[in-house]
Structures are given as C-alpha cells and as structure tokens.
Amino acid sequence: MSLVGAALLIAGLANSARADSLPRPLSAVDSVAVLKQARRAQRDFESRRFMLLPVVPSAGSRCDVRVGRWCYWQDDAEDAPGEPKKIADLRSRFLDRLASLAARVPGDRWISGQRVRYLSEARRGAEAVAVARDCRAEPSWCASLAVIAYRAAGDIPAADSALSAALAAMPEEQRCAALDIGPLIEGTFRDRYRAASCSERDSLTARWLWLARGSYADSSNEVRVEIFSRRLFAQLASESTSPYGPITAPDLRELVLRYGWSESWGRSEPGAGLTDRGTAVGFDGPHTFALAPDDGALADLSTIGDPPRLRNDPTARARFPIHGTRTLGGLAHRLALFRRGDSTLAIAAYDASADTAMRGVDSATVAFALLRDEHTAPVVARAVHGTRGIVTAMAPWRPALVAVELRDSASSRAARARIGVPLGDTASGRVGLSDLLLFAADSDMATALDSVVSRAIIDGRIPGGARLGIFWEMYGLDQGERVTASVGLIPDQSGFLRRAAERAHLVEPRTPIHLRWEDAPEVIGSVGGRILTLGLDGVAEGSYTVELTLSVEGQPTRRAASRVRIVSP
C-alpha cells in the first residue's frame, strides 16, 4: 500500500463512524459495563494461559544482557516451545468474546487494540487487518493498530505506510515518544539524543533508522515498523496484562523495545511453595539481527561495514528482523567509482559463495544500492545472478554509502555488505582521479573499462606469477597535457613471525615495487583512461597495497590505492 493509500484508509476509518451506519449507541453506564466484561475476559484468558504454558529449562546463571530486573539470553531457535492446542483454543474463544463485545461498543479503543493484539499473536494477520480497518476510534489510534495488523499479515510496506499516517495524525509530543530510540543507542550519539529537543530528535532518529535498515532494496523501513510495533505491544499490555503481568515497569518496557515482543511462551519450573507457579519465559523471533549502527558509523559514514557480530551477537544492544530472511551472511567485495559528468558509475564485484549462510544457493536476486543520505531516494539496480558476480549502477551524485544485497526467497537465505565511501581527495584543482579497478590480466589485452569489468578481482586474491591489471581514469585533463604517474606494489608491514622467517631464509622477502613514467594520455571529453599490467613473477606471497600517484604541473597531487593478496598458484 502506498502512503497515499494509507492516508485514504485512515480518512475512511475516521468517516466510517456515520450515525446511520452505527447501531443505537449504548448509554455511558452500559458502555462501562461492556468494557468491564472485556477486561475481565482478558484477565481470565491470561491467568488460564499461564497455567497451561509448557515448562521450559531454566537458563541457570546465564545472562547475556541484563535490563533492570530482567535477564535476556540467546538460545537456538529450536529451543522455543510450540504453543499447546489448549491455549490456541482458549485464545480463539476469548477473541470470539471480544468480537461480540466490540459489536456493542464499536468505538472503544481498548477492545479494538486488544483484538488486534491477540489476532496478531495468533498469526491471524488478515483478520487483524480487517479489525483495524473497522476501527472507529481516533484516526491516530486506528492507524497505529493498522501498523501491527499489517506487520502480522507480513505486509511490511503497508505497515510502514500506515505508520506514516499514524505519526502524521499525532501531536508532536506523542509522535516523538512513538519513535523514541533512546533505549536502543549508546555512546556519544545517545548523549546528543538525550540533549536534543523533540524537533531535533527527528533528524537524529531519521539518520539512525536510515543506517539501521535491514535492506535498502525494500522501499519500506522494517526497523521503523518494528520499533513502533514493539512500543505499541508494550502499551497494550500495560493497559491490560500479559504472561509477564502488566508491562508497566520501565525495565520490562525497555526489554520489549530492544528485543521484541515474545512470539512464544513458556514458564520456569514451579517452586515448592503453594503459591509459586514459576515465572514466564518469553521467546522472541528466531531470526533477528544486530542491525543498530554503532557510534563510529553514525559519526562517519566512511567507517561503515558489516561486522560478523551483526549476524549473531547475543550481547547486542538491540535485535531486529529482516522480512523473509532466516539466515544472513556476508560477502567479499570490491568497489570502484568512476565519474560520468556530475554522475557516478559504481562497479561492485562480490562473492558470497564461501559464507555458510548461502549454502545450497545457486542464484539469488541481487540489489546494488547507491545512497547519498537519509533524505534522498537511493538508486537501486537489480538483477538475478549467482552468488558470485559483478554489478553496476549509476547515480546522479557521488554516493556516501553503497550496499550489495543478495536474497534467495525460496530458502529465505540472504547475504549483504555495506561499504562506506570516503569523501576522497577534495583539494582544489581541476584534475581528478578515479578509484583503481584491479583485474586479472590473463587474456587479450584490455583497452577500456568495459573490457576489464568482467575480470575484476573480487576478493583481492591473485595467484603468484599471474598478471595483475590496473585500470583508472583521470578527469579534467587538457588535450596533450603531460602527466607524471607512479605505481607502487607495497608489501604490508610484516609480523614478527614473517620477519623471523625472512631472516632465516625460510620464505622469500617482500620488497616494494615501483614504476614511474611521464606521458600525455589520450583524452576523450576531458576523461583519460589508463590500463597497466604488472607481471607478478618472482613477487613473494602476501598482502600488498597497490598505490597510484598522479601529478600534473600546477595541480594538486592525486592518489588512489587498493589492496591485493598474492597467493600460491
């Protein structure tokens, strides 16, 4: 559903309460009596449900994260218990009771909220959406219920659109509270957030949510939907009860916000006392990831990456799902940017085949996203490739962030990489330099960018004795202008063991290689391309930096570098 569609839905909800479409309204006394019956039915359901919860093993002394009085730990997905049929039947009867009471007071926000809550819990998403559409309370409340209803139905775009409509209908203070990310953040960003006014928090929240997105290939922001839904679930439980009891204490509300509303429940072994019934143990969704950006990424986009901890970090500050993703892997990647007038041509080589998360996947939908900032729509190029390949995209600006995302919908397996793009050499001057594109020069001599892209080195590894190709472009050159260029193959600093092995003549020592020349490149439309091939015969194995230095008289010196690892053939 589009945002316009969501707005029309909310307008329809607001207009649906016409006098000629409603049954005769109850008196205030009768309405209160109906609401009391509904609340009593809810308390009775939760009390009986608790006694039917399966007993689950205790975590013992294990506690990955402590939030106030509460302990959170991460288990395997298989540890979550299935719901007993008696509880499912009990909930169905309770929902039928709520439906009959709702017909008598169709405008009651508490009853409509609890109906959507328990239908969502029962994974009856389509029915939850129907209840939200029939909501007769204030527009912001009905739109809020639509968020969790669409979420339960698996329609994240519609949930995100309903969320925009809900926020637009709220006063400023309520809107700020609805997407308060304070409990989810740490470090200096948290200090800035706490000191900010409501309007100032809007921009900080937008930045955080932009970087926390699970996928840039999707138009909606699932993390935003999840934060709003978790807070609303906690509110609904604070106005009633739950297996935990009423969700009123700040520590329990924070726990729900950070890790989600439980999708299944158990209880600990009851104690020896007659009144000890055990305590509730909630199990969140089995497929959540540590998507929250860290302090460094929030301060400097060029530091962004996808550390392994995002996939399995039991101590993460918060965890969120990625719709349709059961496993999330990483991928090796290389990125090179080239100017095309005011636009940027981006080329990314990727390989996810070595990650166990993509095991058994032969082909996947690949999304290559170029991003400027949280206010600018991304450029997303899509294709179907294998788990190893090369993708290109063109943006009308220089990106600050690049994402490569693979997804196999059949197996719900995915892999991704986030790459922060440094600002580059911004010194004054008309001459510019592209990134270096390294390629395997093992066939006919390449003459242009198009002829080397398919041979780009993905993981930076090239066999010893092979030929290493280097492509770059120079910008702003005049026809016939002379250029002094230097290319170096510089070994990384060796560790103690490597240096000891070199002194003992057990391994070949690594020495820098430098080439320097001067010429006048051919320029087409102020762009000069250059290809250089280095033979690696006799070059010792190990990690190297390929560094290019470009000098033009009267212009600042430009530099570009890329890393390569020479391995055994």
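# A first look at this structure

Ser 526 counts as partly exposed, because its relative accessibility is 34%, a value between the 20% that bounds buried and the 50% that bounds exposed. Keep in mind that this is a predicted model. Ser 526 is a handy way in, but there's also a set of disulfides to look at, three in the structure, plus some helices worth a closer look. Here's the tour, topic by topic.

**Two serines with a positive phi**

- Ser 526 isn't a glycine, yet its phi is positive, at about 75°.
- You'll find Ser 526 in the loop that runs between strand S18 (513-519) and strand S19 (527-535).
- Ser 412 is another non-glycine with a positive phi, here about 60°.
- Look for Ser 412 in the loop between strand S11 (401-408) and strand S12 (413-420).
- Ser 412 has a relative accessible area of 17%, so it is buried, given that buried means under 20%.

**The disulfides**

- Count the bonded cysteines along the chain and the pairing reads 1-2, 3-4, 5-6.
- Cys 63 is joined to Cys 71, with 2.3 Å from S to S.
- Cys 63 counts as partly exposed because its relative accessibility is 26%, and Cys 71 is also partly exposed, at 25%.
- Cys 135 is linked to Cys 142, with an S to S distance of 2.1 Å.
- Cys 135 and Cys 142 are both buried, and their link is left-handed, with -70° about the S-S bond.
- Cys 176 pairs up with Cys 198, and here the sulfur atoms are 1.6 Å apart.
- The torsion about the S-S bond of Cys 176 and Cys 198 is about 90°, so this disulfide is right-handed.
- Cys 176 sits in helix H8 (residues 172-178) and Cys 198 in helix H10, so the bond ties together parts that lie 22 residues apart in sequence.
- Cys 176 counts as buried because its relative accessibility is 18%.

**Helix H10 against helix H11**

- Helix H10 (residues 198-212) packs with helix H11 (residues 222-238) at an angle of about 115°, and their axes are 8 Å apart.
- On the H10 side, the contact is made by Trp 208, Leu 209 and Ala 212.
- On the H11 side, Val 223, Arg 224 and Ile 227 do the job.
- Sorted by class, this contact of H10 with H11 has five nonpolar residues, one charged residue and no polar ones.

**Helix H3, a helix with two faces**

- Helix H3 (residues 85-104) has 20 residues.
- From its first C-alpha to its last, H3 reaches 30 Å, close to the 28 Å expected at 1.5 Å a residue.
- The buried residues of H3 are Ile 87, Leu 90, Arg 91, Phe 94, Leu 95, Leu 98, Leu 101 and Ala 102.
- If you look down the axis of H3, those buried residues fall within an arc of 140°, so they line one face of the helix.
- The background is simple: an α-helix has 3.6 residues a turn, so residues three or four places apart point the same way.
- The buried residues of H3 pack against helix H2 (28-52) and helix H4 (109-121).
- Turned away from that buried side is a face of H3 with the exposed residues Lys 85, Lys 86, Arg 93, Asp 96 and Ala 103.

Key:
Residues are numbered from 1 along each chain as its sequence is written. This is a predicted model: local features need pLDDT of at least 70, side-chain atom pairs count only at pLDDT 80 or more; totals for chains, interfaces and linings use all residues. Side-chain values use heavy atoms; hydrogens and water are left out. Axes are lines fitted to C-alpha atoms, for helices over the stretch in contact, and angles run from 0 to 180 degrees between N-to-C directions. Helices (H or I, at least four residues) and strands (E, at least two) are DSSP runs, numbered from the N terminus. Contact means heavy atoms within 4.5 Å. Ala, Val, Leu, Ile, Met, Phe, Trp, Tyr, Cys and Pro count as nonpolar, Asp, Glu, Lys and Arg as charged, and the others, Gly among them, as polar. A disulfide is a pair of cysteine sulfur atoms within 2.5 Å. Buried means under 20% relative accessible area, exposed over 50%, partly exposed in between (1.4 Å probe, protein chains only). The expected span of a helix is 1.5 Å times one less than its number of residues. The arc is that of the directions from the helix axis to the C-beta atoms.
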